[in-house]
Every structure is written in structure tokens, then in C-alpha cells.
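Welcome! Please take a moment to look over the sequence and turn the model around before reading on.

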Amino acid sequence: MDADVIVAGAGPVGLLLAAELKLAGAEPLVLERRPTPSEETKARGLGVLATELLWRRGLGDQLAEADAAGTRDLARDHGTTLGHFANIHKLVPDPDRPRATIWQPQLERLLTEHALALGVRILRGHEVTGIESDDDGVTVDQRWRARYLVGCDGGRSTVRKLAGFAFPGTPALLRTTAGRVRFGGDVPPGGRYPAGAFLHGGSMAGVTEPAGDAEPAGPVTAAELADGIRRVTGATVVVEELTDGRRFGDQARQASTYRDGHVFLAGDAAHVHSPSGGQGLNLGLLDAANLGWKLAAAAAGGRAPGGLLDSYTRERHPAGEAVLRNTRAQSALLAPGPHVDALREIVAELMDLPAANRYFADLLSGVHQRCELPYATEEPAGTYTPDLELIDDAGTVTRLHEHTRTGRGLLLLTPDTRHLADERVDVVPVTNAGPLLLRPDGVIAWAGEGSPKAALDAWF
């Protein structure tokens, strides 16, 4: 074997997955078709769960530093730092659970450094073109052999296609063309028009309009964007310079399963959807965190409990479905027309109600997602833990993320539950929280009364 797990794709999802595998004792090999890291600014923010995940791996200080500059960019480009649902910018973030504004290239550099520091091998300029899977593992391009292969190679995933995963869904109804623009002369006001929407803030400009029969090929040009602005607003503009041009639609598709034998999918390879609400990157990073420790347990010595690998699809497929659902709803609210305008006004008014505002914010953050656990339990088990404040017997105060860099499971035990300590996981004595059993991905596996034995046996 050349590796325990081959990871196809060195984007944020592939890099984090490889790091999680290495941290959990498996040997990953990352194959990336690009010879150098991408500088495309596809995404610019991490939600609550992804931010807390990276804090738990010791990357909090770097995220906080990036967030300061990223928040300034966000305010410049959108005129606000509030979250949005269908470009209705009213969502107030939870002050008790952090998020981070960081451009994707900067995040990729951070995760690359993190993975390399752990000893992960990353081979660039190697595109996966062939897969042969058998009962013992997977051979990639008749060259590399591993127990498992994970496609983290984006929405047009070669791994997904080669492995034959079904990818049902809905085609694009809307298409956005955008970029950083320097205009010459007058520019129409940003807003909704009968034919679509014109977005203009800071140096960013773009149009959202009904999708055509075929997506244009090649890089976005200044003329293409100017034509789009004319179609939507009726105004002729001069685009003197266009950089960082991009196109994206609201097609929504999801693999029927995230596992087929020794081949897995994660991130955009498993699900694509509109970028409305900025949820794709977060969804993919949580896929990686869920899969990494499970796959390592199976690949490194075969120590995985029965059914562990199948729990990946069982837990992450519903999370993907939830994002497809709300992004489709956002697309419905972004479509042009007076009926949609009226609906947007009502939704905007609802967002002024604190309970509704919290509902929409939590919908996008996913903080209320609950994993289906294979044993009887009650909440908060199955949910993602926040960064708890912990106090030990001596009164010393720490935060949860200070105890999770090993990537192992974690038992928080109160004085009357110290006898429940188990060598399969790290143990932290506390006086103010717990008892709790946390999985490596931050999901609470057990809480409260009784014994954690069923949970320990199920996961470790």
C-alpha cells in the first residue's frame, strides 16, 4: 500500500480530511491536479461549526487574525457585516459562538501548513483519471494503492463520475456573473429589477438573472458582465477592468450515498448547491471532520467498531439535504418578479422579529443539526458542542478547544463520575460541565446520567 487513504483534491476539504486522518493515526496521500494552490476567492467565510472545529485543532489565533481583515472586506463589499438569507442582510450572529471571515485562498494556505506540519504528503500536478476498486482497496491511475479513496475534488468530481455515484438533483434556474470591477462612467443603482438583480458594493459588482440554456465557456470577460448588467438594468455601462471574475448557478444535486465500498465522497463532490448564505465550505469541512477519524480507525489496523463507516452517510447526508433545502428556498426568493418582491418584503419583516431572526441564522449555521446515534440517548447528545468554559478541581479555567488538539475522543468527568474514565479517549476532570463524551468531530456522543459504555463501544 502506498497509503492508508488517498485523498483526491487539495482544497480546504481535502486538506482538512488529510490532517484529520494523520492526526488519528492513518497515512494519507493527497493528489491534486493543480500544480500550484488555487487563488480563486470562491468563499470568504466560516460559519459557527466550522470555526469551532478549526479552533479545536489549534488554528484559532490564525482565524482570529484573518477575521479582522476579512470583516473589513465584508463591510466594504456588502455595506454590512450582518448575515443574509437570499441577500436580505439582517441576520444577527450569535455572540456566544464565533464565526470567521477569511478568503478561501488564505484558508487553503492555513490548512496546507497545518497538514504539512502533521506530516501529510501532498502531490500536486497529479490528476486522478482512473480507479480500480476491489475487496481489499483501491488502485488509482494504475500507480497508487490504498485501502480507501476519498473524492474531495469539487462539484465536477472525477472520482464521483469514475466510481459511478448517482448524483440526482435540480438544474440551475438562476445564474450569477460577478467580479471586481472598475467602471468608467455612470453605474445604475444596485437592487432588484424586473429582469434580475444588480449587485454593486465597493469594488464588487455582479448580476443575477434567469439561467440560459448553456453556461458560457472560458473566463468571465468585461464584455460578458457589461452585457449582463444591460440585460438586467437596461443601462449601458463601461467595464474598464474586471478581475476575479466568476460564474455560478443554483443547481442543487446530492450523491445518493457518500460511500460505495472503498470509495467515499466529501465536500462539493458529494453535494452542490447555490452559494447563497455561504454554506458550502462549512458543509464540506464538517464532512471531513466526520469522516476523518472514522476512516482512520478502519484503515489503520482495522480497529473500527462495526457500522462506523456507514455512519458517515447516515449522519452527513441529512446535513447536505438541509442545505439544499434552504438554498433552494433562497433561490426562490432571488428570482425576479413582483410576486417574489412581495414575498421578500414579508420575509424581511419577519427577520425583524428576534425569534425569526434567530431561526434563519441557526438555519444557515446548522447549530441545531443532530446526528442520528445508534443507541438510545437524549439531547444534547447528537449535537455539536460549543467551546465550553471548563473549570478543574483547582479552579483553573480553560476552554474546551485547549483540550482537543490530539484529535481523540474526550470525556469531561465531574468529581462523582471520575470512575467512568476510559483509556480509549482523553479524560479531562471538570467541576462545572458534563459529564460529556465528545467525539473527535465535536459531536456530543453521551451526556448526563448512566454510563457512556454504549457510546464508547459504538465509536471507539
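The paragraphs below go through a helix, the cavities, a pocket and a surface patch.

This is a predicted model, in which local features need pLDDT of at least 70, side-chain atom pairs count only at pLDDT 80 or more, and totals for chains, interfaces and linings use all residues. Residues are numbered from 1 along each chain as its sequence is written, and side-chain values use heavy atoms, with hydrogens and water left out.

Let us begin with α2 (48–56); helices here are DSSP runs of H or I with at least four residues, numbered from the N terminus. Eight of the nine residues of α2 are buried, which leaves the helix mostly covered. Buried means under 20% relative accessible area, exposed means over 50%, and partly exposed lies in between (1.4 Å probe, protein chains only). Among the buried residues of α2 are V48, E52 and R56. After the helix comes G58, with a positive phi near 85°.

Now look inside. A cavity is a set of points on a 1 Å grid over the protein atoms alone where a 1.4 Å probe fits but cannot get out, and its lining residues have an atom within 4 Å of a point. A volume is the space filled by probe spheres set on the points, which are joined across faces, edges and corners. Three cavities of 30 Å³ or more are found in the structure. The largest cavity has a volume of about 90 Å³. Its lining holds 14 residues, and Q279, N282, L283, L364 and S365 are the closest to its centre. At least two lining residues come from each of α2, α7 (280–299), α8 (310–334) and α10 (354–365).

The second largest cavity has a volume of about 50 Å³. R56 of α2 turns up again here, in a lining that also includes R57, R408 and R439. By class, this lining has three nonpolar, three polar and four charged residues; Ala, Val, Leu, Ile, Met, Phe, Trp, Tyr, Cys and Pro count as nonpolar, Asp, Glu, Lys and Arg as charged, and the others, Gly among them, as polar.

R408 also belongs to the second largest pocket, where A24, R303, R408, R424 and F460 are the closest to the centre among 13 lining residues. A pocket is an open set of points with protein on both sides within 12 Å along at least five of seven lines. This one has a volume of about 270 Å³.

Finally, visit L353, in the loop between α9 (338–350) and α10. L353 counts as partly exposed because its relative accessibility is 48%.
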